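Me: Got a minute to go through this one with me? I'd like to poke at the loops, the charges and the empty space.

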Amino acid sequence: MSEAPRGPTRVLFVTGRLAEPALRRVLAEMAPPFAYDVAVLNITVAALMTTGWIVRHFELPDRGPEGPDLVLIPGLCEGDPQEIGEKLGVRVEKGPKDLREIPRHFGRAAAARDYGAWDIDIIAEINNAPRLTREALRRAAEYFRASGADVIDIGCTPGLPFPALGDVVRELAAAGMRVSVDTFDAGEIRTAVTAGAELVLSVNGSNIDVARDLAGTGARVVVVPDLGRTLETLDPNLEKLEQWGVPYLIDPIVEPIGFGFMASLERYADVRRRYPQAEMLMGIGNLTELTAADSTGMNALLIAVCQELGVRAALTTEVIPWARGAVREVDVARRLMHYAVTQHTIPKDVDDRLVTVKDPAVLTFTEDELRALQASITDPNFRIFADRDGITVLNNQRFVRGTDIQDIFAQLQVTEAAHAFYLGKELARASLAVTLGKTYRQEGALSWGYLTPPDDVKSEHVRLTQRPDRKP
């Protein structure tokens, strides 16, 4: 087993003149576990750097054996850091796009050396598959696989014939997908397994005899309690499956809130005590689909329960709008909870992708810091900042602060159409950040966790911010 890479011992932070004071303050407050230096290049705005420009204008200071083992350039810097590394002979990386994120950047980097493993399979169900066209089924399966699903579950509809079931399973299996079938119908179970399905959801006392036909196929079955009965109904069915040599998972069935949710969680713990070595499955979609709440936090908590109880398969789906993206959320959650449980640490400050509506931290500047920044600005480009209490827009001539973006815009006295459109767009985004309690970064996307879109590459450098030449 290879040794995990060690963190840096000395870091050189590269920045521009305007950002230097803020960078030094962040580093001083951070008190990092490594030595550091700050290199201030002859450029006002750090975001205007490119890697090619740095190659032409930067040399490492001569520190002998105490030189840096990592050079961190601004996150908004265009180009490949390796270009700089080849010239300097030292590792060069891009930092976060906002220098206030540097402490979290290094904290996550330290954890990332042991992060990313998982041991819970995601089974993504395509609901009411008989009602869909073959093309729609294939698109849904491809979408779920791209989202992180390990098994594509074909959800049959009771009482609705599905003559294409075998062909659907064969097509998905031929495309390299693992397939399960969700039905109690013995005929559909046989058809799907013959076509290549590896998992059957589900069997109980009403259809257990079909499992005898699956012996030797390698297919597993999910065993559930008899309808309306207790866990004791599992025992005779498990004995039959053991006798026939059919592998199985146990699903005690998680119930919706208001219909025995807590008692159903207790059943999972009871099954783990009764059958300590048995594989288990939890249908978490019963909660996310039937609870009017954002699914991100619910998926995180349910996967945490699975991780602690040793439930190694989670069944979910994305039917109701607030559960769209659930498979991606479970994919993040299974990695986060695996790390938390195996490393005996809380699931925090490692992976923030499940924090979507609210930010993990709201990064702001004080008015004193913004006034100091304005004092060093010599150009008329507008800078926009937001905090919990309002929005600030400043350049070398104006310092406007408020909560009403129409009032702020009026005070900027902008008449040029393209410039007005740009400022209106940015002020609207800043206002949204204030309303939701999010960090605002000019020309950058707000953070929505795993839903965050990439920044517009054309917006990575200051553009359309300059106030047209006119007398104040």
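**Chat notes**

Reply: Sure, starting with a loop residue: glycine 159 is exposed, with a relative accessible area of 83%. Keep in mind that this is a predicted model.

Me: Which loop is glycine 159 found in?

Reply: Glycine 159 belongs to the loop between strand 6 (151-155) and helix 6 (165-174).

Me: And how far apart are the C-alpha atoms of glycine 159 and aspartate 185?

Reply: Those two C-alpha atoms are separated by 9.3 Å, with the residues 26 apart along the chain.

Me: OK, switching to charges. How many salt bridges does the structure hold?

Reply: There are 31 salt bridges in the structure. One of them joins the side chains of aspartate 121 and arginine 178, at 3.5 Å from N to O. Aspartate 121 sits in strand 5 (residues 121-126) and arginine 178 in strand 7 (residues 178-182), so this pair ties together parts that are 57 residues apart in sequence.

Me: Is aspartate 121 buried or exposed?

Reply: Aspartate 121 is buried, because its relative accessible area of 18% falls under the 20% limit. Its partner arginine 178 has 30% relative accessibility and counts as partly exposed.

Me: Which glutamate meets arginine 178 in a salt bridge?

Reply: That's glutamate 198, and the N to O distance there is 2.9 Å. This pair also links distant parts of the chain: glutamate 198 is in the loop between helix 7 (186-195) and strand 8 (199-203), and arginine 178 is in strand 7, 20 residues apart. Glutamate 198 is partly exposed, at 24% relative accessibility.

Me: What about aspartate 387, which side chain does it meet in a salt bridge?

Reply: Aspartate 387 pairs with arginine 401, at 3.1 Å from N to O. The aspartate lies in the loop between strand 13 (383-386) and strand 14 (391-394), and arginine 401 lies in strand 15 (residues 399-402), so the bridge ties together parts that are 14 residues apart in sequence. Aspartate 387 is buried, at 15% relative accessible area, while arginine 401 is partly exposed at 35%.

Me: Which residues are linked in a network of salt bridges?

Reply: A network of salt bridges links Arg134, Arg138, Glu142, Arg145 and Glu171.

Me: Now the empty space. How many cavities of 30 Å³ or more does a search of the whole structure find?

Reply: The search finds 1 cavity of that kind. The largest cavity has a volume of about 30 Å³.

Me: Which residues line the largest cavity?

Reply: Its lining is Asp121, Ile123, Val151, Arg178, Leu199, Arg220, Leu249 and Ala313. You'll recognise Asp121 and Arg178 in that list, the pair whose side chains meet in a salt bridge. By type, the lining residues of the largest cavity divide into 5 nonpolar, no polar and 3 charged.

Me: And pockets? What volume does the second largest pocket have?

Reply: The second largest pocket comes out at about 990 Å³. It is lined by 39 residues, and the closest to its centre are Asp182, Phe184, Ser202, Ile253 and Asn286.

Me: Which elements each supply at least two residues of the lining of the second largest pocket?

Reply: Strand 8, strand 11 (279-283), helix 10 (285-288) and strand 12 (313-316) each do that. The lining of the second largest pocket divides into 16 nonpolar, 13 polar and 10 charged residues.

Me: Back to strand 8 for a sec. How many bridges join strand 8 to strand 9?

Reply: 4 bridges join them, and strand 8 and strand 9 (residues 220-223) run parallel. Valine 200, for one, has valine 221 in strand 9 as its bridge partner.

Me: In which sense do strand 9 and strand 10 pair?

Reply: Strand 9 and strand 10 (residues 248-250) pair in the parallel sense, over 3 bridges. Valine 223 stands opposite isoleucine 250 in strand 10.

Me: Last topic, cysteines. How many disulfides does a search of the whole structure find?

Reply: The search finds 0 disulfides.

Me: Is cysteine 77 buried or exposed?

Reply: Cysteine 77 is buried, with a relative accessible area of 1%. Cysteine 306 counts as buried too, at 0% relative accessibility.

Technical notes: Residues are numbered from 1 along each chain as its sequence is written. This is a predicted model: local features need pLDDT of at least 70, side-chain atom pairs count only at pLDDT 80 or more; totals for chains, interfaces and linings use all residues. Side-chain values use heavy atoms; hydrogens and water are left out. A salt bridge is a side-chain nitrogen of Lys or Arg within 4 Å of a carboxyl oxygen of Asp or Glu. Buried means under 20% relative accessible area, exposed over 50%, partly exposed in between (1.4 Å probe, protein chains only). On a 1 Å grid over the protein atoms alone, a cavity is a set of points where a 1.4 Å probe fits but cannot get out, and a pocket is an open set with protein on both sides within 12 Å along at least five of seven lines; lining residues have an atom within 4 Å of a point. Grid points are joined across faces, edges and corners, and a volume is the space filled by probe spheres set on the points. Ala, Val, Leu, Ile, Met, Phe, Trp, Tyr, Cys and Pro count as nonpolar, Asp, Glu, Lys and Arg as charged, and the others, Gly among them, as polar. A disulfide is a pair of cysteine sulfur atoms within 2.5 Å. Two strands pair if DSSP finds at least two bridges between them.
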